[in-house]
Amino acid sequence: KQQEQQEQERQKAKVVAAAAAADSPAPMAIDSAGGGGDLWVTKHKPKTTDDVVGNQVLVRTLALWLRTWNRTHLQNKPPPQMSAGKRELDLGKKAVLLSGPPG
């Protein structure tokens, strides 16, 4: 039984090594329709806040946070006060995390 597990691990290692040594990129990573080999996420990244899809209140909050970031963190001025419903938003944060499915 132990020999079977070791053999399976060797087979997995061979597959991983072969994939790592392959010259071709991952099939979904490169836009195959041309475009100079740019990554799909680079080619289609949002250029304005109008390109960001999702909850529009959060998109506007993100846009305000981006517009005031230099003033707040480089010029040491207080961030603007803003509330969303019953909660106060802290626009003085230094970073934001965007998540969701690509595309």
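Q: Which residues lie nearest the centre of the largest pocket?
A: Let's start inside this predicted model. The largest pocket has a lining of 36 residues, and its volume is about 1,100 Å³. Nearest its centre lie Val52, Val53, Leu62, Leu98 and Ser99.

Q: Which element supplies the largest share of the lining of the largest pocket?
A: Helix 2 (40–43), helix 3 (56–73) and strand 2 (87–89) each give at least two residues to this lining. The largest share amounts to 8 residues. The element that supplies this share is helix 3.

Q: How many residues of the lining of the largest pocket are nonpolar?
A: The lining can be sorted by the character of its residues. Of these, 6 are charged and 9 are polar. The nonpolar residues of the lining number 21.

Q: Is Leu98 buried or exposed?
A: Leu98 is one of the residues nearest the centre of the largest pocket, and its place along the chain is in the segment after strand 2. Its relative accessibility is 62%. Exposed means over 50%, so Leu98 counts as exposed.

Q: What distance separates the C-alpha atoms of Leu98 and Leu62?
A: Both Leu62 and Leu98 are among the residues nearest the centre of the largest pocket. Along the chain, Leu98 and Leu62 are 36 residues apart. In space, their C-alpha atoms are separated by 9.8 Å.

Q: In what order do the elements of the protein run from the N terminus on?
A: Now for the overall layout. The protein has 3 helices and 2 strands. From the N terminus on, these elements run α-α-α-β-β.

Q: What percentage of the residues in the protein is buried?
A: The protein has 103 residues. A residue counts as buried when its relative accessible area is under 20%. Buried residues account for 12%.

Q: Which residues form a nonpolar patch on the surface?
A: Moving to the outside, this patch has about 270 Å² of accessible area in total. One of its members, Trp40, lies in helix 2 and is partly exposed at a relative accessible area of 35%. The residues that form the patch are Leu39, Trp40 and Val41.

Q: Which side chains meet in a salt bridge?
A: Side chains of opposite charge can pair when their charged atoms come close. The structure holds 1 salt bridge, with a distance of 3.6 Å from N to O. The side chains that meet in it are those of Lys93 and Asp90.

Q: What is the relative accessible area of Asp90?
A: Asp90 shares a salt bridge with Lys93. Lys93 is partly exposed, at 48%. Asp90 is also partly exposed, and its relative accessible area is 48%.

Q: How far apart are the C-alpha atoms of Lys93 and Pro79?
A: Lys93 belongs to the segment after strand 2. Along the chain, Lys93 and Pro79 are 14 residues apart. The separation between their C-alpha atoms is 9.1 Å.

Q: How far apart in space are Gly92 and Trp69, C-alpha to C-alpha?
A: Gly92 also sits in the segment after strand 2. At 25% relative accessibility, Gly92 counts as partly exposed. Gly92 and Trp69 are 23 residues apart in sequence. From C-alpha to C-alpha, the distance in space is 7.8 Å.

Q: Where does Asn76 lie?
A: With a relative accessible area of 65%, Asn76 is exposed. Its place is between an element of each kind, a helix and a strand. Asn76 lies in the loop between helix 3 and strand 1 (82–84).

Q: What value is the phi of Asn76 near?
A: Most residues other than glycine have a negative phi. Asn76 is a residue other than glycine, yet its phi is positive. The value is near 55°.

Note on methods. Residues are numbered from 1 along each chain as its sequence is written. This is a predicted model: local features need pLDDT of at least 70, side-chain atom pairs count only at pLDDT 80 or more; totals for chains, interfaces and linings use all residues. Side-chain values use heavy atoms; hydrogens and water are left out. On a 1 Å grid over the protein atoms alone, a cavity is a set of points where a 1.4 Å probe fits but cannot get out, and a pocket is an open set with protein on both sides within 12 Å along at least five of seven lines; lining residues have an atom within 4 Å of a point. Grid points are joined across faces, edges and corners, and a volume is the space filled by probe spheres set on the points. Helices (H or I, at least four residues) and strands (E, at least two) are DSSP runs, numbered from the N terminus. Ala, Val, Leu, Ile, Met, Phe, Trp, Tyr, Cys and Pro count as nonpolar, Asp, Glu, Lys and Arg as charged, and the others, Gly among them, as polar. Buried means under 20% relative accessible area, exposed over 50%, partly exposed in between (1.4 Å probe, protein chains only). Patches are made of residues with over 30% relative accessible area and no salt bridge: like charges are joined within 9 Å, nonpolar side chains (Val, Leu, Ile, Met, Phe, Trp, Tyr) within 5 Å. Accessible areas come from the Shrake-Rupley method with a 1.4 Å probe; for residues, only the protein chains shown count as cover. A salt bridge is a side-chain nitrogen of Lys or Arg within 4 Å of a carboxyl oxygen of Asp or Glu.
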